[in-house]
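Subject: Handover of a structure

Hello,

I am passing this structure on to you. Please look through it first, then read my notes below.

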Amino acid sequence: MAIPVNYNIRNLKLRKGLTVMTALGIALTVTTAIFLMALISGLDRAFVTSGDSQNVLVLRKGAQAEVQSNFDASLFPTLKTLPGVAKDNHGEPMASAEWVVVIMLPRADGTGEVNVTVRGMMPDGLELRPNVKLVQGRWFTPGQREIVVSQSIQKRFAHANVGDNVQFGKGPWTVVGVFDAGGSAYESEIWGDVNQMASDFDRQGAFASVYLRAADPVAADALKHRVSDDQRLKLEGALETEYYTKQTVSGAPIKYIGWVVAIIMAIGSSFAAMNTMYAAVAYRSREIATLRVIGFSRPSILTSFVFESVVLSLLGAVAGILLMLPFNGMTTGTSNAVTFSEVVFSLRLTPQVVGVAVLFSVIMGVFGGMAPAWHAARRDILASLRD
């Protein structure tokens, strides 16, 4: 025979002070865990959702990132005529030779300067990124000292509004537009004309990378291997999505530290829940003995006390989730260990993050309640009645 659920609810209400204090302790643990998981989720989205499965990125063999790559510009005509490269509306191959450089820009709040990625591209480079949308102004004009910036760059850095001038390379560049990259890694970039960029940084006659558009994902995979296997080129092809997924290594320290902190705090919260449940057992010893006398079994008492501990943890989880809601969507940044520039991403309180937080709290409740529940179920009836 199972003990009614309202019995546990009533006991939690009777011990309001202790219930609230324990739930708040668990809430702080859950809030910390959610904050760290939301950081990781936002960072993963910035990289994992970047790129297009139909785009093939070509780099120099051995290069881990575009900033580390360069190869002779004479290879570009060969690359864009490879079998499998899609054609645009004018029947021309969809390909963009590009340069990626890192510059220093001052933050809008005056707290210092940060490395920012600047990408020079050909006009087809815009078509190769259909998920990027222009939200203000216009796209840059090829051959002009014009740039477009992401919404994140516009918000975080000085002189990044439409009409402003940004100083880098050999002079000022005019901001003519702002784009929305949907939370991808492109949110951390500034775009301009590849030839002007090469001229400003004395890199004529070479490119850092080439983006090729394939007709479909299957053709893209074949094109990737075709580039890598061609001994004439000495280049390496990779799906754009694969390239950005590999860069999640930047978030590895956050992930490791985050989980270590979360586990340590979870252990502390489990002991807090355990202390609360032990106090409940001591306070209700006669009540427990009476339950045994009227026919409730030891497994029923064990289950009842573990359930009470889980309910206590779930109250803390709900409080922790509510505390984190104001931070959902908050923008922050971290250094990309591959490109040495700042990667901007947003905290994302996704259903998966909330689900893991709830599971996290349930586990804390089970571990925190098991020992006291076992102690309550195993107590001698006569000894409990004399207490």
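**Ala 222 and its surroundings**

Ala 222 counts as partly exposed because its relative accessibility is 35%. The classes run as follows: buried is under 20% relative accessible area, exposed is over 50%, and partly exposed lies in between (1.4 Å probe, protein chains only).

A word on the basis. This is a predicted model, in which local features need pLDDT of at least 70 and side-chain atom pairs count only at pLDDT 80 or more, while totals for chains, interfaces and linings use all residues. Residues are numbered from 1 along each chain as its sequence is written, and side-chain values use heavy atoms, without hydrogens and water.

Ala 222 sits in helix α7, residues 217-229. Helices (H or I, at least four residues) and strands (E, at least two) are DSSP runs, numbered from the N terminus. Gly 84 lies 138 residues from Ala 222 in sequence, yet their C-alpha atoms are 7.7 Å apart in space.

**Strand β4 and its partners**

Strand β4 covers residues 113-121. Seven of its nine residues are buried. Which strands pair with β4? Strand β3 (residues 95-106) does so in the antiparallel sense, over eight bridges. Strand β9 (residues 189-193) does so in the parallel sense, over five bridges. Pairing here requires at least two DSSP bridges between the strands.

Val 118 of β4 is the bridge partner of Val 101. Val 118 also has a bridge partner in β9, Ile 190. The hairpin of β3 and β4 has six residues between the strands. In that hairpin, Gly 110 takes a positive phi near 75°.

**A nonpolar surface patch**

Val 5, Ile 9 and Phe 307 form a nonpolar patch on the surface. Together they have about 220 Å² of accessible area (Shrake-Rupley method, 1.4 Å probe; for residues, only the protein chains shown count as cover). Patch residues have over 30% relative accessible area and no salt bridge; nonpolar side chains (Val, Leu, Ile, Met, Phe, Trp, Tyr) are joined within 5 Å, like charges within 9 Å. A salt bridge puts a side-chain nitrogen of Lys or Arg within 4 Å of a carboxyl oxygen of Asp or Glu.

Val 5 belongs to helix α1, residues 5-14. Val 5 counts as partly exposed because its relative accessibility is 47%.

**The whole protein**

The protein has 13 helices and 14 strands. Of its 387 residues, 50% count as buried. About 17600 Å² is exposed, with carbon and sulfur atoms supplying 61% of it.

Best regards
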